[in-house]
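Work through the exercises below with the sequence and the coordinates open, and try each task before reading its solution.

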Amino acid sequence: MTPLQLPPRLILKVSTAEEWEGQWVLVPAAVASEPGPGSPGKQVGELLLVSGDPPALQISLGTQDKLTTANLRKAGTAAARWLVEHKAAQVGLNAADLDGLGIERGLEAFCEGLVLGAFRFSRYKLEDKSAFLTEVSLLTAVEGAALLDRVDRVSSVAKAVNLAREWSHEPPNIINPHTLAQRAQALAVETGLKCTLFGERELSELGAGAILSVGLGSKTPSQMILLAHPGHGSQAGAQPVVVVGKAITFDTGGYSLKPTQSMVGMKFDKCGGMAVLGIMKAVAALNLSIPVVGIVAAAENMISGHAYRPNDIITSLSGKTIEIISTDAEGRMVLSDVLTYASTQLNPRAIIDLATLTGGVVTALGKIRAGLMSTDDDLAGALAAAGERSDDRLWRLPLDEEYFDLIKGSDSDLKNSAGVPQASPIVGGIFLKQFVLNQVPWAHIDIAGTATLEAKGTRHATGFGVRLVLDYLQSLT
Ligand code: BES
Ligand code: ZN
Ligand code: ZN
């Protein structure tokens with residue numbers, strides 16, 4: 001199986017009543033405030049199997065007052081997980097059951113949940129992959145084509161989330177900046193996106209010393225990976241939205257070495273970049289009318305005789321010099337050159353970056369909301385609203401200029417770390433802000449907390465940011 005061929009996942013299709021006969025059925029429904037026997041409990045996503053021919057799987061949507069798109073998505077996810085665990089390959093769902101709830105985009109949310117819940121990272125496990133849930137048939141009386149169109153769109157989004165998750169889980173001995181660039185190129189061929197790669201030579205010719213510095217200790221040098229969608233029917237010269245992602249394929253911390261326990265899981269330091277690749281895949285599948293450029297800032301943060309070290313002074317693409325205080329503050333180094341490149345070379349209407357940038361954002365917001373920092377109130381407002389709709393929720397943090405004092409350089413223009421834990425997500429944000437030129441509206445989303453979840457003692461990638469940014473992009477004209 002090539003990396004682009006994902007293991008069997010859920011396909012949503014539309015069926016007639018005859019084709020549907022004999023299949024297991026999913027029955028999502030709101031429950032009474034005192035649910036009796038024969039009904040699942042009040043918890044959203046609680047399940048009750050009702051035997052019969054065919055058997056029905058009742059799924060609780062909570063009580064009537066809990067009917068929201070976010071809860072419908074959750075219920076869909078719970079149903080798919082149960083079906084995967086119980087090795088059901090095909091099930092039916094009556095579209096009218098969900099449309100009858102009167103929740104706008106309710107069916108879409110439930111189906112999105114189904115595709116998300118069917119995800120497993122099983123590439124390296126010797127288990128029976130054929131036992132996975134692969135098909136949900138939607139029963140419809142009349143509007144077959146329109147229904148298919150509705151679920152096709154959410155299915156493209158959910159598949160993009162699953163691609164981001166799948167690639168985030170790949171271990172660092174498989175994905176490094178070089179193999180990642182190859183994958184992005186293959187993705188571009190598959191989707192019709194235009195791919196441009198900047199390897200070591202191109203980055204040094206540009207003068208992108210900051211992104212290069214992080215990769216010096218690695219066998220595979222840094223890469224800047226660009227994927228572009230021209231915008232369906234958009235005018236020549238239309239300004240693109242640029243979405244940038246941090247992809248540290250492994251973060252040891254470098255000479256500012258991480259302790260053993262904190263280093264485990266640092267393959268997930270590429271989640272921002274993987275979200276960008278997922279977003280671009282869906283942008284192409286949805287054939288959005290606006291131009292969008294995705295840029296992945298890829299590097300591996302390692303130790304060797306060539307690695308960068310504390311007290312090094314690096315010249316960035318912007319010309320500003322950076323003194324390294326911590327080699328573990330590498331995310332801002334790789335992003336700084338990319339932000340300068342995007343703001344000076346691509347004439348963007350907005351730049352949004354997604355990055356697992358600081359442990360401090362996990363302390364501040366936990367795993368529920370990502371930190372949002374922005375130089376533009378309209379952009380921040382639009383992203384926060386997209387976050388509520390998509391349930392990839394954000395919370396804005398300030399970027400007062402005084403925070404810059406913490407990283408003002410003494411022997412250089414700026415330092416890459418304050419050296420104290422004060423306001424670390426904001427210090428990360430204010431650092432990045434110095435590299436966004438030409439007053440381009442810019443937003444930084446620190447996903448260090450939300451990119452992964454702990455469940456049953458293991459860590460999972462969430463694909464955070466994919467639904468958020470796709471919702472935002474679809475709200476633009
Ligand atoms: N990749 C880490 C941030 C991180 C921490 C992601 C926990 C996911 C979970 C980042 O490169 C890092 O090490 N940041 C430092 C910055 C500090 C040295 C200024 C941090 O947050 O401690
Ligand atoms: Zn680090
Ligand atoms: Zn990192």
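**Exercise 1.** Determine which polar backbone atom is 2.7 Å from an oxygen atom of ligand 1.

*Solution.* In this predicted model, where local features need pLDDT of at least 70, side-chain atom pairs count only at pLDDT 80 or more, and totals for chains, interfaces and linings use all residues, side-chain values use heavy atoms, with hydrogens and water left out. Residues are numbered from 1 along each chain as its sequence is written, while chains are lettered from A and ligands numbered from 1 in the order in which they are written. The backbone atom belongs to Gly-359, and the pair is a polar contact (N or O atoms within 3.5 Å). Next, take the side chains: a polar atom of Asp-269 lies 2.9 Å from a nitrogen atom of ligand 1, and one of Glu-330 lies 2.9 Å from an oxygen atom of the ligand.

**Exercise 2.** State how the shell residues around ligand 1 divide by character.

*Solution.* The shell contains three nonpolar, five polar and seven charged residues, where Asp, Glu, Lys and Arg count as charged and Gly is among the polar ones.

**Exercise 3.** Classify the aromatic pair of Phe-431 and Phe-435, and decide whether these residues are buried or exposed.

*Solution.* The structure holds four aromatic pairs, defined by ring centres within 6.5 Å, with planes under 30 degrees apart stacked, over 60 edge-to-face and the rest tilted. For Phe-431 and Phe-435 the centres are 5.1 Å apart and the planes make 40 degrees, a tilted pair. Both residues are buried, that is, under 20% relative accessible area with a 1.4 Å probe and protein chains only.

How values were computed. Polar contact = N/O pair within 3.5 Å; in protein donor to acceptor, adjacent residues only side chain to side chain. Phe/Tyr/Trp six-rings, centres within 6.5 Å; stacked < 30°, edge-to-face > 60°. Buried < 20%, exposed > 50% of the residue type's maximum accessible area, 1.4 Å probe, protein only.
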